[in-house]
Amino acid sequence: MTYKITRFLALTFFALLIIIPSLVVVFGSMKSDLELLTNPLALPTEWTLNNYRKLLDSSEIALSFKNSVIVTTFSVVLTLFLASLASFGISRVMNVTGRFLFVLFTAGLAIPAATSIIGIYQLFVTLKLTNTIHGLVIINVASTLPISIFILTAFFRQLPQEIFESASMDGAKPLRLYRSIALPLSIPSMGAVSIFLFVITWNDLLYPLLLITRSDLKTLPLAMLGFRGEYAIEFSMLFTAVMVASLPMVIMYLLMQRAFISGLTAGAVKG
Amino acid sequence: MENKTETGALRGASLRSEVRLKKKRRLADVNNRTFLLMTTPAVLVYAVFFLYPTLTNFRYAFYQWDGFLDAEFIGLNNFVRAVTNDDVLIKVLGNNIEFSLLVVIFQTSLALLFAVYLVKNTRASLALRTLYFFPTILSSVSVALIWQFLYSPNFGPINTFLRSVGLDFLALPWIGSETITLRALAFTQVWFHTGQMVVIYIAGLQQIPKELYEAAEVDGASRWQQFKSVTWPMALPTTAVVMAYTTIQSFRAFDLIFTMTSGGPNDSTSILATRIYLSAFNDLQFGYAATQSIFLVIFIVVLTGLQRRVFRAKDQ
């Protein structure tokens with residue numbers, strides 16, 4: 001009996017710990033700042049989207065949103081393509097070189113992003129890649145290749161070897177093996193990888209902070225950091241920005257909970 | 001007569017399989033080159049834009065450089081400074097250890113507790129898992145802004161609530177205090193990622209054979225005894241994974257801490273990751289920042305090595 005009560009209390013407490021702040025943000029985005037401060041938990045007295053209109057008019061958030069969409073889409077697609085091609089190659093090369101390549105990529109997993117920021121900054125300045133969208137895409141791809149290759153190689157390695165052997169005996173070339181056998185079979189793993197790539201790229205602050213200073217090139221997290229200075233501590237406006245930045249992820253999460261949970265858990269090491 | 005045809009057939013078969021084997025080998029050699037070629041685009045991007053800057057990063061550790069003018073080689077001076085003459089770095093190391101320890105201890109034990117509670121695939125427990133997991137999809141910047149509001153000393157909901165129920169002495173300056181804020185940040189990090197670890201734990205717990213629990217029940221073991229003698233030892237490999245993930249995540253809490261406090265007040269919430277960034281881009285000491293990033297790598301290697309050793313010892 002006491003077990004049931006403590007279980008209920010603990011589970012409810014943590015559930016409220018997530019529900020209440022979420023509601024504060026949702027309601028807060030429809031309140032004036034004064035209303036948010038005096039009554040953070042109450043429903044908004046008037047259900048309006050005024051804050052959203054004000055944010056759209058007075059800031060470049062629409063532009064940041066567009067930048068985030070472009071950067072995330074290109075980064076995810078490119079990473080998926082390069083990583084799946086390389087992982088398939090690595091899983092088929094059954095010698096020292098294959099193993100070496102695998103170790104080379106997974107070594108990148110152990111290195112936290114903060115370790116290489118000076119080298120990356122210096123390289124990107126030299127190559128004139130700072131303050132460019134494609135520069136941001138390049139660093140996203142380079143830094144997410146290790147985790148993607150780690151997961152996809154593990155997947156390709158556990159496929160039965162006979163499929164590939166008999167197909168190549170029948171004259172299928174490696175690229176054909178990749179396109180007609182490996183890719184279709186790996187759709188679930190690729191889905192998982194694409195989801196966590198999507199989430200970590202959309203949410204990343206470090207690389208935009210490092211490489212982007214022009215306001216028209218900022219992604220959402222970087223733009224939000226700027227708003228905090230701009231709006232002083234006008235939290236109703238900040239929460240409106242939080243809503244705009246989180247909504248795409250929240251909608252997709254609600255639609256594909258299971259895929260999100262397994263995908264993000266597979267990429268948990270990337271934090 | 002019969003015997004002869006049989007051996008003939010056998011010989012033919014072995015000949016055919018030999019041909020087949022040869023063809024297979026030749027194919028494997030030709031294909032190996034193509035397979036290697038398939039890895040080159042990824043290897044190039046990774047080597048040029050990640051490995052190379054990571055290595056030059058280490059090179060700058062031996063230079064004095066403001067990020068703009070020419071870098072000047074100064075040998076081990078940066079290292080000497082880091083070890084003998086940098087109180088802030090020592091403070092930051094202490095912060096990092098405290099932050100990571102708090103996060104690992106609380107996140108792992110909470111995740112285990114909730115996983116035990118939610119291990120059955122009932123509708124309610126699936127719904128709660130989905131809810132607990134929810135913060136994971138938010139950006140660190142969003143989470144930081146939300147908790148900055150909740151923690152606000154004067155008007156924040158947490159302190160308003162505490163005052164309204166007469167617990168004024170608990171209404172602490174969660175943000176902006178040199179003693180409490182690091183712990184408040186650790187709490188936010190735990191709030192952020194516990195749901196993810198619950199899912200990992202549940203996957204581990206569901207693999208424990210049911211017979212073990214049945215046997216324990218026959219022996220009259222209480223719930224706590226079952227946990228101690230079945231769940232805990234059987235979930236040890238999962239615990240190792242969860243602790244390793246949590247440790248790595250706690251070292252990567254750059255986004256969260258940078259947005260919430262930028263390491264302040266007075267460096268009391270800075271961890272190695274934020275300190276490296278601030279040394280370079282605020283103090284314009286790129287060389288010294290690079291030196292500190294070597295400390296970060298050493299720190300992580302030692303920590304993960306230690307964890308691995310502890311769990312290997314426990315396994316035996």
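This passage looks at the overall build of chain A, then at one helix and the domain layout of chain B. The model is a predicted one.

Chain A is helical from end to end as far as its assigned elements go: the tally is 14 helices and 0 strands. Read from the N terminus, the order is simply α-α-α-α-α-α-α-α-α-α-α-α-α-α. The C-alpha trace of chain A covers about 75 × 65 × 30 Å along its principal axes. Of the 271 residues in chain A, 48% count as buried. As for how the chain meets itself, take the contacts in chain A between residues at least 6 apart in sequence: 77% of these link residues at least 24 apart.

Turning to chain B, helix α5 takes up residues 140-151, which makes 12 residues. From first C-alpha to last, α5(B) reaches 16 Å, close to the 16 Å expected at 1.5 Å a residue. How much of α5(B) is covered? Here 12 of its 12 residues are buried. The buried set starts with Ser140(B), Val141(B), Ser142(B) and Val143(B), carries on through Ala144(B), Leu145(B), Ile146(B) and Trp147(B), and finishes with Gln148(B), Phe149(B), Leu150(B) and Tyr151(B). In an α-helix there are 3.6 residues a turn, so residues three or four places apart point the same way. In α5(B), for instance, both Leu145(B) and Phe149(B) are buried, and so are Val143(B) and Trp147(B).

At the domain level, chain B splits into domain 1, covering 2-60, and domain 2, covering 86-315. Taken over C-alpha atoms, the centres of domain 1 and domain 2 of chain B sit 44 Å apart.

Note on methods: Residues numbered from 1 in each chain as written. Chains lettered and ligands numbered in written order. Predicted model: local features only at pLDDT ≥ 70, side-chain atom pairs only at ≥ 80, totals over all residues. Helix = DSSP H or I, 4+ residues; strand = E, 2+ residues; numbered from the N terminus. Buried ≥ 20, exposed ≤ 12 C-beta atoms within 10 Å, placed from the backbone. Contact = placed C-beta atoms within 7 Å. Expected span 1.5 Å × (residues − 1). Domains from an automatic or database assignment.
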